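Here is a short note to read beside the model. Keep the structure open and find each residue as it comes up.

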Amino acid sequence: MNQNDNAALSKVPEVTLLFWIIKIAATTLGETGGDAVSMSMNLGYLVGTAIFAVAFLIAVGTQIRARTFSPILYWSTIIATTTVGTTLADFADRSLGIGYAGGTLLLAAGLMGSLVFWRRSTGTLSIASVGSPKAEMFYWVTVMFSQTLGTALGDWTADTAGLGYTGAALVFGALLTLVVIAYFRSSISRTALFWAAFILTRPLGAVVGDFLDKPVSAGGLDLSRVGASGVLFAFILTCLLLFRQRAAARAH
């Protein structure tokens, strides 16, 4: 691939079925991994957030400085956003006493604000534009808000709304199905549908992660958080090693 070819590629993956499989696995890993550090290791939400925030800043900085798309680096950054999102949302919702509903509304406002500023600044929210440092900064801020929102929204749906982990998973799975149907059967903006799916996969992963590691009495399977995280990480790594993932084409 020559220099001109590199310039025509973005720094994010092509959106395929593999992308969504890894995204759901990564968001589930974020939930079990975040809980493993903050709860199983008894470090608390604040310390867990600080640890994952450092990992997030390092990963994002490396991603932005990279000149070409790297699947390993990209998904490492996604995992960093989803783990820090888990502990940050739990800290705000539980330790600060904002509550699931309050945390969900606050983070939803932050997410919408990020999307609005990104659109006004660059003229587009398409991932095909994610190649410049400016677009990447907006992209990762938006991803960070969506990952944190997902934890709060998932907890609110499963606990406050009383649907439980399996019920909440069915709700978010059904909403994702509607997005897929809209993709194939409607003329709705593909960019809007992408972000709808991207946002919905996070609470789906959150409730699936909780289902795996929460006690049986709470409706979970009571699996080891560390063990579940290890299996999810191995699955993601296997997907990345076995299947080639290409960069999305840049918009011109």
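1. Contact, as used in this note, means heavy atoms within 4.5 Å. The model is a predicted one. With that in mind, start at aspartate 155, which lies in helix H6. Which residues is aspartate 155 in contact with, leaving aside its neighbours within four places in sequence? They are Asp90, Arg94, Tyr100, Thr160 and Asp210. Aspartate 155 counts as buried because its relative accessibility is 0%, and buried means under 20%.

2. Helix H6 also packs against another helix. The axes of helix H5 (residues 99-122) and H6 come within 8 Å and cross at roughly 160°. H5 is therefore roughly antiparallel to H6. The crossing of these two helices, H5 and H6, is left-handed. As background, a pair of packed helices is described by the angle between their axes and the distance between the axes.

3. Next, take helix H7, which covers residues 164-185. How far apart should the ends of H7 be, and how far apart are they? With 22 residues at 1.5 Å a residue, H7 should span 32 Å, and its end C-alpha atoms are 31 Å apart, which agrees. The buried residues of H7 are Tyr165, Gly167, Ala168, Ala169, Phe172, Leu176, Val179 and Ala182. Helix H6 (133-160) and helix H8 (190-213) are included in what covers them. When reading such a list, recall that an α-helix has 3.6 residues a turn, so residues three or four places apart point the same way.

4. The pairing of H7 with H8 can be described in the terms of point 2. The axes of H7 and H8 come within 9 Å and cross at roughly 160°. This angle makes H7 roughly antiparallel to H8, since angles over 145 degrees count as such. H7 passes H8 in a left-handed crossing. On the H7 side, the residues that make the contact include Tyr165, Ala168, Ala169, Phe172, Leu176, Val179 and Ala182. On the H8 side, they include Leu193, Ala196, Ala197, Leu200, Leu204, Val207 and Phe211. Asp210 of H8 also takes part in this contact, and Asp210 is one of the residues that aspartate 155 touches.

5. The loop between H7 and H8 holds serine 187. Is serine 187 buried or exposed? Serine 187 is exposed, with a relative accessible area of 75%. Its C-alpha atom and that of leucine 106 are separated by 31 Å, and the two residues are 81 residues apart along the chain.

6. Now the nonpolar core. The largest one has 57 residues, of which Tyr74, Trp75, Ile78, Tyr139, Trp195, Phe198 and Ile236 touch the most other members. H8 gives the most to this core, with nine residues. Tyrosine 74 touches Lys11, Val12, Pro13, Phe19, Gln63, Phe69, Tyr139, Trp140 and Phe198, not counting residues up to four places away in sequence. In soluble globular proteins, nonpolar side chains tend to be buried together.

7. Helix H2 (residues 17-40) has 24 residues and reaches 33 Å from its first C-alpha to its last, close to the 34 Å expected. Of those 24 residues 19 are buried, so H2 is largely enclosed by the rest of the structure. Alanine 26 is found in H2 and is buried, with a relative accessible area of 0%. Leaving aside neighbours within four places in sequence, alanine 26 is in contact with Trp75, Ile78, Ile79, Thr82 and Ile236. The C-alpha atoms of alanine 26 and phenylalanine 235 are separated by 9.6 Å, although these residues are 209 residues apart along the chain.

8. Two loop residues deserve a check of their backbone. Asparagine 42 sits in the loop between H2 and helix H3 (44-65). Asparagine 42 has a positive phi of about 60° although it is not a glycine, and it is exposed, with a relative accessible area of 67%. Aspartate 222 is found in the loop between H8 and helix H9 (225-242). Aspartate 222 has a positive phi of about 60° and is not a glycine. At 48% relative accessibility, aspartate 222 counts as partly exposed.

Key
Residues are numbered from 1 along each chain as its sequence is written. This is a predicted model: local features need pLDDT of at least 70, side-chain atom pairs count only at pLDDT 80 or more; totals for chains, interfaces and linings use all residues. Side-chain values use heavy atoms; hydrogens and water are left out. Helices (H or I, at least four residues) and strands (E, at least two) are DSSP runs, numbered from the N terminus. The expected span of a helix is 1.5 Å times one less than its number of residues. Buried means under 20% relative accessible area, exposed over 50%, partly exposed in between (1.4 Å probe, protein chains only). A nonpolar core is a set of buried Ala, Val, Leu, Ile, Met, Phe, Trp, Tyr and Cys residues joined through side-chain atoms within 4.5 Å. Axes are lines fitted to C-alpha atoms, for helices over the stretch in contact, and angles run from 0 to 180 degrees between N-to-C directions. Angles under 35 degrees count as roughly parallel, over 145 as roughly antiparallel, 65 to 115 as roughly perpendicular and the rest as oblique. A crossing is left-handed if the near helix is turned anticlockwise from the far one by less than a right angle, and right-handed if clockwise.
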